[in-house]
Amino acid sequence: MTKNKGNSCPVPQGILMIIGGKENKGQEPEEKADSKDFERMEILKAFIGLMKKNKPVLEVITSASGEGTEAFREYRKLFEELGVPQIGHIHHGSRKEVGDPELVERIEKADGIFFTGGDQLLLTGLYGGSEFLSRLKQRYISHPIVIGGTSAGAMALSTPMIYAGTGADEKLGGEIHITTGLEFVKDVCIDTHFVNRGRFVRMAQVIVTNPTCIGLGIEEDTALVVRHGLEGEVIGSGIIIVIEGFHIGDSNLADFAAHKPVSIHNLKVHLIVKGEKYKIPQLNPPHI
């Protein structure tokens, strides 16, 4: 297990794939403008390729979805088409179910874990503090497991994690609600469907109230592949918007309780696309 220089924390041997939702499942692009860098099922193919196994074992977790059976059926068909012979289904409706010892055995055997979309708060409420999550993190740290998440499944991988605040509410101070995510990446907030649903302002609110963090706003059919816990590379047909608040100057943070429109100065923004890389900054030294 390798370590960062000057950092007592282990460097994860696993890989994360953080997907902005609505990854292509074989259909043609909806808009002609989207076709230039388009590749059918690019993200799902890349996810399978990252496992580097001829016969990988994959577990699909649908607990965020209210239609878990349907979600699993869809992804099983897609992953079977891509050559995955063994695909398990994990779905929980209560924390009591998460205590099944068989789950830990399945995690031990898995080469990949894939979290589907739905409600990210269900994932944190079900798995936070569980042996299941602890063992999955241990495997991520010390083995080359690939963990992917799409939409809510991607948002849950981060901390802080947005769980409420959309539409007209997002421009009003104090209307974006966050909690602790599953913490596969720390001091990083992930938001999905970012361009399609116009979520820039709500991410800016998260960053102004948590300026140690960075915001990753990921477009649909786009993903950030994270190696060694920090080194990200973009794949897919869209863009990722990175928001940094380290140099924020003035804001009306003190007036957030009055529910006024937010005002923030000196945010730093990057737009990164397929093939480009971004290293997640570490400005918050790890400690116990």
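Visitor: In this predicted model, which residue in β12 does leucine 216 stand opposite?
Guide: Leucine 216 belongs to β9, which spans residues 214-218. Strand β12 covers residues 239-244. The residue in β12 opposite leucine 216 is valine 242.

Visitor: What is the bridge partner of glycine 217 in β12?
Guide: Strands β9 and β12 run antiparallel. Leucine 216 faces valine 242 across that pair. For glycine 217, the bridge partner is isoleucine 241.

Visitor: How many bridges join β9 to β12, and do they run parallel or antiparallel?
Guide: Strands of a sheet pair through backbone hydrogen bonds, in either direction. Residues 214-218 form β9 and residues 239-244 form β12. The two strands run antiparallel, and the bridges joining them number 5.

Visitor: How many bridges join β12 to β13?
Guide: This pair also has a named position: glutamate 244 stands opposite lysine 268 in β13. Strands β12 and β13 run antiparallel. The count of bridges between them is 6.

Visitor: In what order do the 4 strands of the open sheet come?
Guide: Strand β12 is joined to β9 by 5 bridges. Strand β12 is also joined to β13 by 6 bridges. The sheet is open and its pairing is mixed. The order is β8-β9-β12-β13.

Visitor: Which are the edge strands?
Guide: The strand order is β8-β9-β12-β13. An edge strand here pairs on one side only. That picks out β8 (188-192) and β13 (268-273).

Visitor: What does the twist average from one strand to the next?
Guide: The open sheet holds 4 strands. From one strand to the next, the average twist is 20°.

Visitor: Which helix lies across β8, β9, β12 and β13, and at what angle to β12 does it run?
Guide: Those are the strands of the open sheet. The helix across them spans residues 200-209. It is α8, running to β12 at about 30°.

Visitor: How many residues of β12 are buried?
Guide: Buried means under 20% relative accessible area. Helix α8 lies across β12 and the other three named strands. β12 is mostly covered, and of its 6 residues the buried ones number 5.

Visitor: Why is the protein chain called as compact as a globular protein of its length?
Guide: The chain has 8 helices and 14 strands. For 288 residues the globule rule gives 19 Å. The chain counts as compact because its radius of gyration is close to that, at 19 Å.

Visitor: What share of the 288 residues is buried?
Guide: The protein chain exposes about 13,800 Å². Carbon and sulfur atoms supply 49% of that area. As for the residues, the buried share is 49%.

How values were computed: Residues are numbered from 1 along each chain as its sequence is written. This is a predicted model: local features need pLDDT of at least 70, side-chain atom pairs count only at pLDDT 80 or more; totals for chains, interfaces and linings use all residues. Side-chain values use heavy atoms; hydrogens and water are left out. Two strands pair if DSSP finds at least two bridges between them. Axes are lines fitted to C-alpha atoms, for helices over the stretch in contact, and angles run from 0 to 180 degrees between N-to-C directions. Contact means heavy atoms within 4.5 Å. The radius of gyration is taken over C-alpha atoms; the globule rule is 2.2 Å times the number of residues to the power 0.38. Buried means under 20% relative accessible area, exposed over 50%, partly exposed in between (1.4 Å probe, protein chains only). Accessible areas come from the Shrake-Rupley method with a 1.4 Å probe; for residues, only the protein chains shown count as cover.
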